[in-house]
Amino acid sequence: MPPIIRKLCGCVVAALILGVVVQTCARAYTGSQVTAWQDEYRHQAAIPFPDDNPYSAAKADLGRSLFFDPILSGSRSTSCTSCHNPGLSWGDGLARATGDGGAAMALRAPTLLNVAWTLVLGWDGKFRNVEAVTFAAISGPIIMNLPEAEAIERLAEIPGYVRAFADVFGDGRITRQNIEFALATYERTIVSAPASFDRWIGGDEEAISPAAKRGSTLFTGKAGCSGCHNGWAFTDGSFHDIGTARGDDIGRGRQFPTSLKLRFAFKVPTLRDVARRAPYMHDGSVPTLEGVVDLYNRGGVERPSRSLEIRRLGLTANERVDLIAFLRTLTSDPVHVLVPILPRGVKIAVD
Ligand code: HEC
Ligand code: HEC
């Protein structure tokens with residue numbers, strides 16, 4: 001077997017304030033491609049939980065109930081699952097999410113698959129960790145529209161929740177932080193299942209089609225996709241302008257107003273299970289995977305902020321078909337998601 005020659009070209013690592021790292025790495029592979037994929041893309045088994053919020057099964061169970069419970073919205077009709085629906089790959093299948101009360105948000109609901117590995121969250125990276133998203137969602141007027149105090153009060157009226165918080169947490173209380181900890185623990189268990197791609201890099205040559213294999217070569221080579229979609233979840237967690245947004249929809253540029261390159265930059269999303277998540281992009285502006293590949297082939301909107309890796313690709317019609325065949329190999333077999341029976345019951349006094 002010839003040695004793998006991996007070229008790491010043009011790697012720019014810019015450490016920004018807040019310790020956030022943006023990486024732009026273009027990679028090209030020659031030699032045994034399967035072995036190269038194995039090195040970098042092997043499915044991760046162990047979920048990383050932070051030291052200040054370690055895993056426990058009881059905490060994840062409580063988080064699951066909170067995640068499915070519409071009681072955490074002003075109208076009592078919107079739950080996290082309204083927009084992060086397990087049946088729709090933890091998104092909602094809409095171009096723009098619809099909040100409690102029916103107003104459309106400016107953004108598409110991202111999948112929650114593999115959030116345990118995500119460094120900063122939100123399309124523009126405004127959230128420092130999974131916990132930090134919780135009350136932005138619950139109390140956000142156009143998201144779930146329930147003030148924190150009322151959320152705590154409603155949970156405290158339900159004996160099943162009172163017991164669950166008492167069992168799970170040392171202080172036994174229903175607090176903002178404990179709600180964040182429970183929900184985040186459950187969210188971190190949302191992990192994409194292995195796909196035919198994983199069977200292929202595991203050594204089963206028959207697991208994916210010849211077209212998909214040609215597509216894999218394009219993915220890391222001519223099409224340059226692995227410059228940003230790399231690692232087992234097919235994202236390096238960085239932010240780029242790929243030529244999608246326009247106007248005042250400047251994404252990460254809002255957090256870093258002086259950075260030219262972060263204008264119109266959005267987070268590189270995971271490509272695991274991507275075929276299940278149309279429409280695509282932060283604004284749901286691209287309806288199909290064919291449309292996504294056409295966009296990259298054209299190179300998106302040309303402007304100073306656009307990533308240097310985004311350019312006209314000159315892919316033939318057959319190459320575009322191959323690339324899509326490859327993207328489809330990242331879709332896992334269907335998995336069963338446990339739906340909780342939500343605690344309800346008589347009002348009790350809480351001291
Ligand atoms: C009305 C739709 C809606 C509801 C309800 C909703 N979300 Fe979201 N969620 C979104 C949108 C839109 C974003 C993207 C926000 C951004 O980028 O600023 C998002 C982003 C997230 C993210 C960041 C994901 C990532 O990879 O960056 C997490 C985590 C999350 N939501 C968790 C939750 C939880 C937990 C709840 C329930 C408490 C919830 N969401 C309820 C629409 C919703
Ligand atoms: C310079 C980094 C970069 C490169 C190179 C790149 N992408 Fe992306 N990709 C992104 C970013 C950033 C987004 C999100 C943009 C947005 O939401 O507006 C994205 C979004 C996507 C999406 C939509 C996923 C979703 O859930 O909405 C797909 C599919 C995708 N890319 C596939 C590809 C393919 C195929 C290639 C190669 C032709 C490629 N990408 C090359 C950074 C990149």
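This section describes the overall make-up of a predicted model, the surroundings of its two ligands, its helix packing and its local backbone features.

The protein chain contains eleven helices and four strands. Of its 351 residues, 40% count as buried. When contacts are restricted to residues at least 6 apart in sequence, 68% of them join residues at least 24 apart.

The shell of ligand 1 was examined by residue, by element and by class. Ligand 1 is surrounded by 29 residues, of which Cys80, Cys83, Leu121, Gly122 and Ala137 come nearest. Two or more residues of this shell are given by each of helix H3 (80–83), helix H4 (130–139) and helix H7 (176–188). The most is given by H4, with five residues. By class, the shell around ligand 1 consists of 19 nonpolar, seven polar and three charged residues.

Around ligand 2 there are 26 residues, and the closest are Cys225, Cys228, Thr244, Tyr280 and His282. Helix H10 (residues 289–298) supplies the largest share of this shell, three residues. The shell around ligand 2 comprises 17 nonpolar, seven polar and two charged residues.

Helix packing is considered next. Two packed helices are described by the angle between their axes and the distance between the axes. For H4 and H7, which both give residues to the shell around ligand 1, the angle is about 115° and the axes lie 8 Å apart. The crossing in which H4 passes H7 is right-handed. On the H4 side the contact is made by Val130, Glu131, Thr134 and Phe135, and on the H7 side by Arg176, Ile179, Glu180, Phe181, Leu183, Ala184, Glu187 and Arg188. The contact of H4 with H7 divides into six nonpolar residues, one polar residue and five charged residues.

Helix H2 (residues 57–68) packs against helix H6 (residues 159–168), their axes coming within 9 Å and crossing at roughly 150°. H2 is therefore roughly antiparallel to H6, since angles over 145 degrees are classed in this way. H2 passes H6 in a crossing that is left-handed. Ala58, Lys59 and Leu62 of H2 meet Ala164, Asp167 and Val168 of H6. Four nonpolar and two charged residues, with no polar residues, make up the contact of H2 with H6.

In the packing of helix H9 (210–220) with helix H11 (residues 317–328), the angle is about 95° and the axes are 7 Å apart. This angle makes H9 roughly perpendicular to H11, the range for that class being 65 to 115 degrees. H9 contributes Ala211, Ala212, Arg214, Gly215, Ser216, Leu218 and Phe219 to the contact, and H11 contributes Glu319, Val321, Asp322, Leu323, Ala325 and Phe326. Eight nonpolar, two polar and three charged residues form the contact of H9 with H11.

Several local backbone features were also recorded. Most residues other than glycine have a negative phi, and most peptide bonds are trans. Ala278 and Pro279 are joined by a cis peptide bond, with omega about -5°. Pro279 is found in the loop between strand S4 (266–267) and H10. Met281 is also placed in the loop between S4 and H10, and its phi is positive, near 80°. Met281 has 19 C-beta neighbours inside 10 Å and therefore counts as partly exposed, because the buried class requires 20 or more. Tyr280 and His282 are among the residues closest to ligand 2.

A positive phi, near 60°, is also found at Phe234, a residue other than glycine. Phe234 lies in the loop between H9 and strand S3 (239–240). Phe234 counts as buried because 23 C-beta neighbours are found inside 10 Å.

Ser209 is placed in the loop between helix H8 (196–201) and H9. With 16 other C-beta atoms within 10 Å, Ser209 is partly exposed. Ser209 and Ser196 are 13 residues apart along the chain, and their C-alpha atoms are separated by 9.9 Å.

Technical notes. Residues are numbered from 1 along each chain as its sequence is written. Chains are lettered from A and ligands numbered from 1 in the order in which they are written. This is a predicted model: local features need pLDDT of at least 70, side-chain atom pairs count only at pLDDT 80 or more; totals for chains, interfaces and linings use all residues. A residue is near a molecule or strand if its C-beta atom, placed from the backbone, lies within 6 Å of it. Ala, Val, Leu, Ile, Met, Phe, Trp, Tyr, Cys and Pro count as nonpolar, Asp, Glu, Lys and Arg as charged, and the others, Gly among them, as polar. Axes are lines fitted to C-alpha atoms, for helices over the stretch in contact, and angles run from 0 to 180 degrees between N-to-C directions. Angles under 35 degrees count as roughly parallel, over 145 as roughly antiparallel, 65 to 115 as roughly perpendicular and the rest as oblique. A crossing is left-handed if the near helix is turned anticlockwise from the far one by less than a right angle, and right-handed if clockwise. Two residues are in contact if their C-beta atoms, placed from the backbone, lie within 7 Å. A residue is buried if 20 or more other C-beta atoms lie within 10 Å of its own, exposed if 12 or fewer, and partly exposed in between; C-beta atoms are placed from the backbone.
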